[in-house]
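Good morning, everyone, and thank you for making the time. Please have the sequence and the three-dimensional view open while I talk, so that you can find each residue as I name it.

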Amino acid sequence: MLDHTTKLLDQFVVELSDAASMSLVQQETEVPFTADDSRGRLDARLRMTLPLGNDVELAVEVMRAGYPRDVRLAVHRLHAYQAARPASAVPVELCVLADYLSPGSRKELRQAGINYYDGTGSMRFKHRTCLVVKEHEPPNRPPRRPVKL
C-alpha cells in the first residue's frame, strides 16, 4: 500500500506544483494522531509553500477507488484529524487522493469542502484565494465484484 500511496502523492504534488506554483517542503506518511480517546492514522501529511511564501499543511487520505460510501469514511477520518490537530499558525487543507473517484464521490467531496485528486488527472484544490479545478471524464469502471450471469 505504501508504494501506491507514494505514487499517488508524487503525482498529486507534481500536478499541484504545475497548476498553482506550490512547492513541497515536507512529506510524511502513516501519520498517527489521537482523537476522542481513540487512535487514528492519516495516510499522509504534506507541507507546501505557496507562491507568496506562506505554508499550508495538506492532510491526505489515499484510496484505490472512491465511491460515496468510501469517501464518507475518508472525510470522517480527515475531520477527526483536523479536530485532534493542535492549534497552529499553519492552515490545514483536507484532501482525498484515489486512482478513481466516481462522479457521486466527487460531488460529495466538493459539497464537504474537501480537495481531491484522482488518477485521471482530475483535481479540485482550494485554499483561500487559490483555486485549481481540472475535470476529466473517468473511464468506465469495471464492476467492483464479479457478476454471475
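I will begin with the overall layout, and then go through the strands, a pocket and a few single residues.

Before anything else, please keep in mind that what you are looking at is a predicted model. The protein has 3 helices and 7 strands, and if you read along the sequence, these elements follow one another in the pattern α-β-β-β-α-β-α-β-β-β. Of the 149 residues in the protein, 44% are buried. Among the contacts with a separation of 6 or more, 52% are between residues that lie 24 or more positions apart.

Let us turn to the strands, starting with β3, which covers residues 55-66. How many of the residues of strand β3 are buried? Here 10 of the 12 are buried, and therefore the strand is largely enclosed by the rest of the structure. Strand β3 is joined by 9 bridges to strand β4, residues 92-101, and these two strands run parallel. If you would like one place to look for this pairing, take Ala 59, whose bridge partner in β4 is Leu 94.

Further along the chain we come to strand β6, residues 123-127, where 4 of the 5 residues are buried, so that this strand too is largely enclosed by the rest of the structure. Strand β6 has pairing to describe with two strands, and I will take them in turn. With strand β5, residues 115-118, the pairing is antiparallel over 2 bridges, and Tyr 117 stands opposite Met 123 in β6. These two strands form a hairpin with 4 residues between them, and in that turn Gly 121 has a positive phi of about 100°.

With strand β7, residues 130-134, strand β6 again pairs in the antiparallel sense, here over 5 bridges. Met 123, which we have just met facing Tyr 117, also stands opposite Lys 134 in β7, while His 127 has Cys 130 as its bridge partner in β7. Strands β6 and β7 form a hairpin as well, with 2 residues between them, and Arg 128 in the turn has a positive phi of about 50°.

That second hairpin leads us to the largest pocket, as His 127, Arg 128, Thr 129 and Cys 130 are among the residues that line it. The other lining residues are Leu 50, Pro 51, Leu 52 and Asn 54. Taken together, the lining divides into 4 nonpolar residues, 3 polar and 1 charged, and the space in this pocket comes to about 160 Å³.

Now for some single residues, beginning with His 4, which you will find in helix α1, residues 2-20. Is His 4 buried or exposed? Its relative accessibility is 10%, and because buried means under 20%, His 4 counts as buried. Leaving out residues up to four places away in sequence, His 4 touches Val 62, Met 63, Arg 64 and Asp 99. With Asp 99 there is also a polar contact of 2.7 Å, side chain to side chain. You may also like to find Ala 98, which is 94 residues from His 4 in sequence, although the two C-alpha atoms are 9.7 Å apart in space.

Thr 5 lies in helix α1 too, and at 2% relative accessibility Thr 5 counts as buried. Apart from its neighbours within four places in sequence, Thr 5 is in contact with Asp 43 and Val 62, and Val 62 is one of the residues that His 4 touches.

My last residue is Glu 30, whose place is in strand β1, residues 23-35. With a relative accessible area of 38%, Glu 30 is partly exposed. The side chain of Glu 30 makes a polar contact of 3.3 Å with the side chain of Arg 41. Glu 30 and Arg 45 are 15 residues apart in sequence, and their C-alpha atoms are 8.4 Å apart in space.

That is the end of my tour, and I am happy to go back to any part of it with you.

Technical notes. Residues are numbered from 1 along each chain as its sequence is written. This is a predicted model: local features need pLDDT of at least 70, side-chain atom pairs count only at pLDDT 80 or more; totals for chains, interfaces and linings use all residues. Side-chain values use heavy atoms; hydrogens and water are left out. Buried means under 20% relative accessible area, exposed over 50%, partly exposed in between (1.4 Å probe, protein chains only). Contact means heavy atoms within 4.5 Å. A polar contact is a pair of N or O atoms within 3.5 Å; within protein, one must be able to donate a hydrogen and the other to accept it, and residues adjacent in sequence count only if both atoms are side-chain atoms. Two strands pair if DSSP finds at least two bridges between them. On a 1 Å grid over the protein atoms alone, a cavity is a set of points where a 1.4 Å probe fits but cannot get out, and a pocket is an open set with protein on both sides within 12 Å along at least five of seven lines; lining residues have an atom within 4 Å of a point. Grid points are joined across faces, edges and corners, and a volume is the space filled by probe spheres set on the points. Ala, Val, Leu, Ile, Met, Phe, Trp, Tyr, Cys and Pro count as nonpolar, Asp, Glu, Lys and Arg as charged, and the others, Gly among them, as polar.
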